[in-house]
Amino acid sequence: MVVFGDGAAAAAAVEAESFDVVLMDMQMPVMDGLDATKLIRERERGKGSHIPIIAMTANAMTRDREACLRAAWMPT
């Protein structure tokens, strides 16, 4: 397990290393988990790769769930 303190570092690590899964905190400094997830998905386009990203957040509102799902699902 590898832990990063912000979303930008997490997105950079996913680009540089191979991981089986990402547990993404949606509320991180520098770049939040939603933006980091979107960046990871954009980088995956055309590569044929798709890493599972599991959103983690203390927010439990329906709109928070929907925002996480929108960020994680990027059609290729």
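**Exercises on salt bridges and the strand pair**

The side chains of Glu15 and Lys47 meet in a salt bridge (3.4 Å, N to O), a term for a side-chain nitrogen of Lys or Arg within 4 Å of a carboxyl oxygen of Asp or Glu. This pair connects distant parts of the chain, 32 residues apart: Glu15 in helix α1 and Lys47 in the loop between α2 and β2. The model is predicted, so that local features need pLDDT of at least 70 and side-chain atom pairs pLDDT 80 or more, while totals for chains, interfaces and linings use all residues. Residues are numbered from 1 along each chain as its sequence is written, and side-chain values use heavy atoms, without hydrogens and water.

**Exercise 1.** Determine which residues are linked with Glu15 in a network of salt bridges.

*Solution.* Step 1: Arg43 also forms a salt bridge with Glu15, at 3.9 Å, N to O. Step 2: Arg43 lies in helix α2 and Glu15 in helix α1, 28 residues apart. Helices are DSSP runs of H or I with at least four residues, strands runs of E with at least two, numbered from the N terminus. Step 3: the network therefore consists of Glu15, Arg43 and Lys47.

**Exercise 2.** Establish how β1 and β2 are joined.

*Solution.* Step 1: 4 bridges join β1 to β2 (residues 53-56), and the two strands run parallel; pairing requires at least two DSSP bridges. Step 2: Val22 stands opposite Ile53 in β2.
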